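Student: I am new to this structure and would like a close look at a single part, taken slowly and with each term explained. Could you choose helices that pack against one another and walk me through them?

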Amino acid sequence: MDDDEVRASRTARQGAGEVWFRPARTRREAPPLSRERIVAEAVALLDEEGAERLTMRRLAERLGTGSTTLYWHVKTKDDVLDLALDAIFGDVGLPSGGGADRWRADVTALIGGWRAALLRHPWSAALLGRPLMGPNVLDRAEFLHAALVAAGFTEPHLSAAAYGLSNYVIGSALMQATWLARDERAAREAAEEHLRTHRERYPTLAEYGPPIGKDWDTAFTIGLDCLLDGIETRRNTPAE
């Protein structure tokens, strides 16, 4: 059992999301390492190598410090992932907030910025099933819900709209990031050949092709418009 596994067993009660409920630790003398520096290096490591390569030992090595110093600031790998995810959400700009008349433009801008952040950090979309309680995430969730409330959405349509938008952007970013990590051209050619070979069984897919290597941006924009069209029909709808 390596050091990471030993520490994980000692902190079994502390899982994803726990970092937000513990105050940052400080010393009487300023330590050479800060939470901000740890997070920046963790994001860089994740961008370069993915979440599967992140360990506390490797992160400490990149920071040029010992594991004991690192554990003073973050107790587990879950802490690091939670902090890194929240950090990238800080890059998502908050729209100006135009009120009820501009709710759709504001939501579109927020969701578009969210998608861009996820694609800049391809490891992130696959981790969004974690509890997300960091300030950057909550600020943007607050904006989304407030924009929908200002537009006239009430429960249960409010939660359904926010849930649908969140799942749309996460799912689309995850699919795109997954395909872009491969040889996209080769994958598309193989899929097209398979569909041509089985045209009688999959005539529509053979005609229009698999959703690989197409214009991801256009597909996302049109899909978001379709989703918002449906959501808009529930504005000012009383709860059943």
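Tutor: What follows is a walk along the helices around H7 and H8, with the pocket beside them. This is a predicted model, in which local features need pLDDT of at least 70 and side-chain atom pairs count only at pLDDT 80 or more, while totals for chains, interfaces and linings use all residues. Residues are numbered from 1 along each chain as its sequence is written, and side-chain values use heavy atoms, with hydrogens and water left out.

Helices here are DSSP runs of H or I with at least four residues, and strands are runs of E with at least two, numbered from the N terminus. Helix H6 covers residues 103-120 and helix H7 covers residues 135-150, and the two pack at an angle of about 160° with their axes 9 Å apart. An axis is a line fitted to C-alpha atoms, for helices over the stretch in contact, and angles run from 0 to 180 degrees between N-to-C directions. H6 and H7 are therefore roughly antiparallel, given that angles under 35 degrees count as roughly parallel, over 145 as roughly antiparallel, 65 to 115 as roughly perpendicular and the rest as oblique. Trp103, Asp106, Val107 and Leu110 of H6 touch Arg140, Phe143, Leu144, Ala147 and Leu148 of H7, where contact means heavy atoms within 4.5 Å. By class, this contact of H6 with H7 has 7 nonpolar, no polar and 2 charged residues; Ala, Val, Leu, Ile, Met, Phe, Trp, Tyr, Cys and Pro count as nonpolar, Asp, Glu, Lys and Arg as charged, and the others, Gly among them, as polar.

Moving on along the chain, the loop between H7 and H8 holds proline 156, and the peptide bond that leads to proline 156 from glutamate 155 is cis, with omega near 5°. Most peptide bonds, in general, are trans. Helix H8 spans residues 157-180 and packs with H7 at an angle of about 135°, their axes being 10 Å apart, and H7 and H8 are therefore oblique to each other. Here Leu144, His145, Leu148 and Val149 of H7 meet Leu158, Ala161, Ala162, Leu165 and Ser166 of H8, a set that divides into 7 nonpolar, 2 polar and no charged residues.

H8 also packs with helix H11 (residues 216-232), where the axes come within 11 Å and cross at roughly 165°, which makes H8 roughly antiparallel to H11. The contact of H8 with H11 has 14 nonpolar, 4 polar and no charged residues.

Finally, the largest pocket has a volume of about 400 Å³. Of the 18 residues that line this pocket, Trp114, Leu132, Val137, Ala141 and Ser166 are the closest to its centre. H6, H7 and H8 are the elements that give two or more residues to the lining, and H7 gives the most, with 6 residues. The lining of the largest pocket divides into 13 nonpolar, 3 polar and 2 charged residues. On a 1 Å grid over the protein atoms alone, a pocket is an open set of points where a 1.4 Å probe fits, with protein on both sides within 12 Å along at least five of seven lines, and lining residues have an atom within 4 Å of a point; the volume is the space filled by probe spheres set on the points, which are joined across faces, edges and corners.
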